[in-house]
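Here are a few short exercises to work through with the model open beside you. Try each one yourself before reading the solution.

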Amino acid sequence: MTTDTTSTLSYEIPIRMLYIQAIADAIKELGTVPSGELYAQLMRHGISLEVYEKILNRLKDDGLIFVSSGHSITWKGGR
């Protein structure tokens, strides 16, 4: 039995992008937010810690956020 991974990938990628966009929008709107508080809100909606950390890393790599040593997230992308 074979599976069609193309349909899975084409489905998963837009969902990931929606998560990234929603989290970026929340941080942008708040300006600065404690990472733990943001994750607690997202966890209620089924976002795992692993996915959350990957999204934050993506946003950091894209230069959109700064995460302080105290785990405070600050939006630094455009408005």
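**Exercise 1.** In which helix is Val51 found? Then decide whether Val51 is buried, partly exposed or exposed.

*Solution.* Keep in mind that this is a predicted model. Start with the location: Val51 lies in helix α3, which covers residues 49-61. Next, take the relative accessible area of Val51, which is 32%. Buried means under 20% and exposed means over 50%. Val51 therefore counts as partly exposed. As a last step, look at Arg16: Val51 and Arg16 are 35 residues apart in sequence, and their C-alpha atoms are 9.1 Å apart in space.

**Exercise 2.** Find the strands that are joined to β3 by bridges, and work out how they run.

*Solution.* Begin with strand β1, residues 32-34: three bridges join β1 to β3, and the two run antiparallel. For a landmark, find Thr32, which stands opposite Thr74 in β3. Now turn to strand β2, residues 65-67. Three bridges also join β2 to β3, again in an antiparallel arrangement. Here Ile65 has Trp75 of β3 as its bridge partner. Finally, follow the hairpin of β2 and β3: four residues lie between the strands, and His71 takes a positive phi near 70°.

**Exercise 3.** Sort the residues of strand β3 by face, covered or uncovered.

*Solution.* Strand β3 spans residues 72-75. Place Ile73 and Trp75 on the covered face. Ser72 and Thr74 then go on the uncovered face. You can link this to the pairing: Trp75, on the covered face, is the partner of Ile65, while Thr74, on the uncovered face, stands opposite Thr32.

**Exercise 4.** How many salt bridges does the structure hold? Describe the partners in each and their exposure.

*Solution.* The structure holds two salt bridges. Take the pair Lys54 and Glu50, whose closest N and O atoms are 3.4 Å apart. Why are these two separated by about one helical turn? Lys54 and Glu50 are four residues apart in helix α3, so about one helical turn lies between them. Both Lys54 and Glu50 are exposed.

Now take Asp62 and Arg58, which form a salt bridge with their closest N and O atoms 3.3 Å apart. Check the accessibility of each partner against the cut-offs of 20% and 50%. Asp62 has a relative accessibility of 46%, so Asp62 counts as partly exposed. Arg58, at 39%, therefore counts as partly exposed too.

How values were computed:
Residues numbered from 1 in each chain as written. Predicted model: local features only at pLDDT ≥ 70, side-chain atom pairs only at ≥ 80, totals over all residues. Heavy atoms only, no water. Buried < 20%, exposed > 50% of the residue type's maximum accessible area, 1.4 Å probe, protein only. Pairing = 2+ DSSP bridges. Salt bridge = Lys/Arg side-chain N within 4 Å of Asp/Glu carboxyl O.
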